[in-house]
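Here's a quick tour of a single chain, written for someone who likes to check backbone angles and pockets by eye. Have the viewer open and follow along.

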Amino acid sequence: MSIAERKQEEKQEMHQRILNAARKIFLEKGYEKTSMRNIANEINYSPGSLYFHFKDKTEIFQELQKEGFTLLLNQLKVLNSVADPFERLKASGRVFIQFAQENKDYYNLMFMVEETVKNPAETRFTIAQEAINHMCSMIRDCQQQGKFIEMDTDYFTFMVLSAMHGICALFCKDRTTSFINKTNEELMENGYACFVALLEKS
């Protein structure tokens, strides 16, 4: 390995160390109370050195969100080979829920930790929109085959995403304990099955 290659590898390793530390701090403190200093303290690194990798905490936060959305979208795209769009839609919901179960930290950062910025429109990234478009496209395919034809595509996409997110949010925020004698897995699996049953009647 050349000196240049070694330096690049070290840079990538430090980049990931910063992201791992930031993920922990954002989840513990929230966006507002997280600073470049306490991220640096987590890995015993000088705060000034972080700026060689990221311009500010917003860039770090959005990098973490991009990682999560990319992971989710890649898992959803595996289902592109499913020919029937309604079967693909139902399977996508299960993938979405499984993603939250297996990647709770990412899910919280993607959907649950509030980011406060001066110009929200300027901080949008295309990967989140791509995930929404992916779901919208599946629903449009369903409509072309006669399902949900009386529904507005955007509103119906919003409803489906809201149902799936609601299941995941209750799990991620530990709001399922009121359902006595039911495990998280039972609630999420059977709750989603009830939602699918309603869709099948549409």
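## Ground rules and two odd backbone angles

One cut-off first: a residue is called buried when its relative accessible area is under 20%, exposed when that value is over 50%, and partly exposed in between. Keep in mind too that what you're looking at is a predicted model.

Now pull up Phe148, in the loop between α7 (126–144) and α8 (153–172). Its phi sits near 55°, a positive value in a residue other than glycine. Is Phe148 buried or exposed? Its relative accessibility is 5%, so Phe148 counts as buried under the 20% cut-off.

Asp174 is another one to look at: it isn't a glycine, yet its phi is positive, at about 55°. You'll find Asp174 in the loop between α8 and α9. With a relative accessible area of 47%, Asp174 is partly exposed, because that value lies between the 20% and 50% limits.

## The overall picture

Zooming out, the protein chain has nine helices and zero strands, so the element string from the N terminus is just α-α-α-α-α-α-α-α-α, with helices and strands taken as DSSP runs. The C-alpha trace spans about 60 × 40 × 40 Å along its principal axes. Of the 202 residues in the chain, 41% count as buried.

## The annotated stretch and α4

An unreviewed UniProt entry carries the annotation "domain: HTH tetR-type" for residues 12–72. In the model, that stretch is 80% helix and 0% strand, and its end C-alpha atoms lie 22 Å apart.

Helix α4 covers residues 57–77, which makes 21 residues. From first C-alpha to last it reaches 30 Å, close to the 30 Å expected at 1.5 Å a residue. Have a look at the start of α4 as well: a side-chain oxygen of Asp56 comes to within 3.2 Å of the backbone nitrogen of Thr58.

## The second largest pocket

If you're after pockets, the second largest one has a volume of about 170 Å³. Which helices each supply at least two residues of its lining? They are α5 (85–102) and α9 (184–200), and the largest share, six residues, comes from α9.

The lining is made up of Arg94, Ile97, Gln98, Gln101, Glu185, Met188, Glu189, Tyr192, Ala193 and Val196. By type, these divide into five nonpolar, two polar and three charged residues. As for the spacing along a helix, an α-helix has 3.6 residues a turn, so residues three or four places apart point the same way.

Terms used: Residues are numbered from 1 along each chain as its sequence is written. This is a predicted model: local features need pLDDT of at least 70, side-chain atom pairs count only at pLDDT 80 or more; totals for chains, interfaces and linings use all residues. Side-chain values use heavy atoms; hydrogens and water are left out. On a 1 Å grid over the protein atoms alone, a cavity is a set of points where a 1.4 Å probe fits but cannot get out, and a pocket is an open set with protein on both sides within 12 Å along at least five of seven lines; lining residues have an atom within 4 Å of a point. Grid points are joined across faces, edges and corners, and a volume is the space filled by probe spheres set on the points. Helices (H or I, at least four residues) and strands (E, at least two) are DSSP runs, numbered from the N terminus. Ala, Val, Leu, Ile, Met, Phe, Trp, Tyr, Cys and Pro count as nonpolar, Asp, Glu, Lys and Arg as charged, and the others, Gly among them, as polar. Buried means under 20% relative accessible area, exposed over 50%, partly exposed in between (1.4 Å probe, protein chains only). UniProt positions are given in the numbering used here, feature names are shortened, and annotations may be inferred rather than shown by experiment. The expected span of a helix is 1.5 Å times one less than its number of residues. A polar contact is a pair of N or O atoms within 3.5 Å; within protein, one must be able to donate a hydrogen and the other to accept it, and residues adjacent in sequence count only if both atoms are side-chain atoms.
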